[in-house]
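Student: I would like a close look at one part of this model, followed by an account of what else can be said about the fold. Please keep to plain description.

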Amino acid sequence: MTHRHPHHRLRARAAALPAAALLSAAALLLTTAGCAPGSTAGAGTKTSGRGGTLVIGATGKLPNTDTMIGGAGFEGKRLVSFQLYEGLTRYDLSRTDAPPSVTGALATSWKVAADHRTWTFTLREGVTFQDGTPFNAEAVLFNLDRYLNKKSEYYTDALGAAAGEYAGGITRYRKLSDGQVELVTRTPNGHFPEDLAHVLIASPAAVRATGSADFSEHPVGTGPFSFVSQRAGEQIDLVANRSYWRGAPKLDKLVVKALPDAAARTAALRSGSVNWIEYPNPDDIETLKADGAQVVTNNYDHLWYWILDTGKGPWKELKVRQAANYAINREAIADTLLHGTADPAYQAAPRATLAYDKAGDTYAYDPAKAKRLLAEAGYADGFSTSVTVPTGGSGNLLPVPITEALQRDLAAVGITAEIRTTDWSTLISAEAKGSVTLGSDAIAQSTTLFQSEALLPLFIGSGSPFWTGHYSNPKVDALLASAAASPDRKARQADYRQALSLVTRDAPWLFVVNDRNPRALAPTVHGLVQPQSWFLDLTTVRVGD
């Protein structure tokens, strides 16, 4: 009998690529952004550099490539925006055993004055944009003008809205020298360095050359990969930035494809047309492993949940919301439906966050208690409700099957839930404007809470412009304000833990699962560090035997 390496099936498929793919790879490395979109090397194809071509199958549409506009959730930021651009700070994604801390990127150090509002950033010397122009203080001011100054010819409403989440609190900014800038916030902001990891810096020369309207067609930043071509929203081709200040990525090329259908992603990995897929269908994991794929997971700041409309109808009643949380079998969803790729969420705080306290786990599966609470709230005979569910998208796991499982659990205690489906981009666009697509009583989706502390008030604070189900608790607001004002991470942790315990008690959400961030890689993909984060450092990855 001939014995073969267990990885032979995927290796063979990755190697059996058409000659045209090799020619496309060569063409992409020799041409500029003007080449035809979509002409890519096959997955694993070796090009002229050291590390081959990584082709990733993403779960949703790809983002707008103009800095912060995005529009594809953190998946789009992870795979595209953070590869093209950087902020003054970045996440240190080199560890697997703890949530990432923030370190210097385009700034090497920073300090805050006694007023906790005035920040001085020392900029990194010798950094160039991917077009060869220098990064300096003028570039920082140019980008802040583009985001915040409506009088700038490069400002757009879309940029202003996108930047508002992370840079909206900046009231003044000025150049102190070529190597230093001063930024002043409206109120004390202890997590300001974390926020600035998302305030991405584009090449002023490139923006001036195209204008803001067309910059997304020729994006230029300082990130580890440079733009080559794209089919907007569907595929983007990047090449390693050999002048990257942290050292050139090991890969030659990075290609990201939108493959929102889970079966299509699995088929693409098996055929060799991609060599990495985000969120494989849990039903496929064992057979993928048998074929030689690597399946990697880790906890991170993730919650899959329903936002309930607490402003009207049955969901206005605390006991009804608590009853729904006791009615659902999270363990079955995590272990059976998702095959262990997620953990049950018994509280608001995701497990891989500093706010998580196991003692705060509250909502065990208890249908009898759910029925009792419904009766006490005056709904002994149950009620009908509706939920809008995305069909896929960043961090959303298997949104429709999960919701169908919840639908069955809720029906068992008398709550009849109508499922209404839409695409992810439509759902989050409406949500950001304070409305619910299809007019439902709830939204099903995923979120992060602490990966980006600036977003917390938008999710659980009073008066958010987002649709939050009209949830409001002044005590939560006070704790969020206290945390935001403190540069001490441990003090923020204590405030956040108290705030999230109140959210758990108030149950404005249906807490379902915490994802473990599975992704499947061909056996030829090496060097991935899987952090406790939504984001990834792809500079360490290579493709080869």
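What is the volume of the largest cavity?

Tutor: The model is a predicted one, and what follows is computed from it. The volume of the largest cavity is about 230 Å³. The structure contains 3 cavities of 30 Å³ or more. A total of 17 residues line the largest cavity, and those closest to its centre are Phe82, Arg90, Tyr91, Leu93 and Arg246. Two elements, helix H3 (73-84) and strand S2 (89-91), each contribute at least two residues to the lining of this cavity. The most comes from S2, which gives 3 residues.

Next, the strands around S7. Strand S7 covers residues 180-185, and 5 of its 6 residues are buried, so the strand is mostly covered. S7 pairs with strand S5 (residues 118-123) in the antiparallel sense, over 5 bridges. It also pairs with strand S6 (residues 170-177), again in the antiparallel sense, over 6 bridges. Leu183 of S7 appears in both pairings: it is the bridge partner of Trp119 and also of Tyr173. The connection from S6 to S7 is a hairpin through 2 residues.

There is also an open sheet of 7 strands, in the order S8-S9-S10-S1-S11-S19-S12, with mixed pairing. Strand S8 (225-231) and strand S12 (294-296) are the edge strands; each has a single partner strand, so one side of each has no neighbour in the sheet. From one strand to the next, the twist averages 20 degrees. At the S12 edge, 3 bridges connect S12 with strand S19 (residues 519-521), and the two run antiparallel. Within that pairing, Gln294 lies opposite Leu521 in S19. A helix packs on this sheet: H8 (residues 262-271) touches strand S1 (53-58), strand S11 (276-278) and S19. The direction of H8 makes about 170 degrees with that of S11.

Helix H11 is another part with a describable packing pattern. It spans residues 330-337, and Arg330, Ile333 and Ala334 are buried in it. Viewed down the axis of H11, the buried residues fall within an arc of 90 degrees, so they line one face of the helix. The cover over these buried residues includes two helices, H10 (318-327) and H13 (399-411). Strand S14 (342-344) and strand S18 (509-515) are also among the elements that cover them. Just after H11, His339 takes a positive phi of about 50 degrees.

Helix H13, one of the elements covering H11, also holds Ala411. What is the exposure of Ala411? Ala411 has a relative accessible area of 45%, so it counts as partly exposed, the class that lies between under 20% for buried and over 50% for exposed. Ala411 and Gly463 are 52 residues apart in sequence, and their C-alpha atoms are 32 Å apart in space.

Definitions and conventions:
Residues are numbered from 1 along each chain as its sequence is written. This is a predicted model: local features need pLDDT of at least 70, side-chain atom pairs count only at pLDDT 80 or more; totals for chains, interfaces and linings use all residues. Side-chain values use heavy atoms; hydrogens and water are left out. Buried means under 20% relative accessible area, exposed over 50%, partly exposed in between (1.4 Å probe, protein chains only). Helices (H or I, at least four residues) and strands (E, at least two) are DSSP runs, numbered from the N terminus. The arc is that of the directions from the helix axis to the C-beta atoms. Contact means heavy atoms within 4.5 Å. Two strands pair if DSSP finds at least two bridges between them. Axes are lines fitted to C-alpha atoms, for helices over the stretch in contact, and angles run from 0 to 180 degrees between N-to-C directions. On a 1 Å grid over the protein atoms alone, a cavity is a set of points where a 1.4 Å probe fits but cannot get out, and a pocket is an open set with protein on both sides within 12 Å along at least five of seven lines; lining residues have an atom within 4 Å of a point. Grid points are joined across faces, edges and corners, and a volume is the space filled by probe spheres set on the points.
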